[in-house]
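Student: Could you show me how to read the core, the pocket and a single loop residue in a structure?

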Amino acid sequence: MTAVGATDPELGARFTERMPEPQLALYEDRLRTAREAGQLARDTDLRLTVEMLVGPLTYRWLLRTGPLTHAFTDALVDRVLGGVAGGTTAGVGKVTA
């Protein structure tokens, strides 16, 4: 779908609206909660932060530039959230049931 969407803008827009967009909105909601709790800077651009998190994962997955491991993902999350949190990410990226 990614390749087809790149050559067919209408189909690409429909795919994005239905598939990744709802998932990206969930990430934004989680980051919004962290920002409201003071875990992220007040001026954090939530969509940009989501793109900074998801972009490298998607790139590594699609192009196979390296293994997509928990260690890579943890390091990515720590760096990105550390940047928007002013160096502290305690509890921001932790998944709870």
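Tutor: We will take these features in turn, bearing in mind that this is a predicted model.

Student: Which residues make up the largest nonpolar core?

Tutor: In soluble globular proteins, nonpolar side chains tend to be buried together. Here the largest nonpolar core has 12 residues, among them Leu24, Leu31, Leu40, Leu46, Val50 and Leu81. At least two residues of this core come from each of α3 (20-36), α4 (46-63) and α5 (70-84), and α5 gives the most, with four residues. Leu31, one of the core residues, touches Leu40, Leu46, Thr49, Val50 and Leu81 when residues up to four places away in sequence are not counted.

Student: What lines the largest pocket?

Tutor: Rolling a probe the size of a water molecule over the atoms shows where empty space is left. In this model the largest pocket has a volume of about 630 Å³ and is lined by 21 residues, of which Thr2, Phe15, Pro20, Val54 and Thr58 lie nearest its centre. Two or more lining residues come from each of α1 (2-7), α2 (9-18), α3 and α4, with α4 giving the largest share, eight residues. By character, the lining divides into 13 nonpolar residues, seven polar and one charged.

Student: Is Thr44, in the loop between α3 and α4, buried or exposed?

Tutor: Burial is judged from the relative accessible area, and because that of Thr44 is 7%, under the 20% cut-off, Thr44 counts as buried. The Thr44 side chain reaches the backbone oxygen of Val84 at 3.5 Å, and, not counting residues up to four places away in sequence, Thr44 touches Arg35, Thr49 and Val84.

How values were computed:
Residues are numbered from 1 along each chain as its sequence is written. This is a predicted model: local features need pLDDT of at least 70, side-chain atom pairs count only at pLDDT 80 or more; totals for chains, interfaces and linings use all residues. Side-chain values use heavy atoms; hydrogens and water are left out. A nonpolar core is a set of buried Ala, Val, Leu, Ile, Met, Phe, Trp, Tyr and Cys residues joined through side-chain atoms within 4.5 Å. Buried means under 20% relative accessible area, exposed over 50%, partly exposed in between (1.4 Å probe, protein chains only). Contact means heavy atoms within 4.5 Å. On a 1 Å grid over the protein atoms alone, a cavity is a set of points where a 1.4 Å probe fits but cannot get out, and a pocket is an open set with protein on both sides within 12 Å along at least five of seven lines; lining residues have an atom within 4 Å of a point. Grid points are joined across faces, edges and corners, and a volume is the space filled by probe spheres set on the points. Ala, Val, Leu, Ile, Met, Phe, Trp, Tyr, Cys and Pro count as nonpolar, Asp, Glu, Lys and Arg as charged, and the others, Gly among them, as polar. A polar contact is a pair of N or O atoms within 3.5 Å; within protein, one must be able to donate a hydrogen and the other to accept it, and residues adjacent in sequence count only if both atoms are side-chain atoms.
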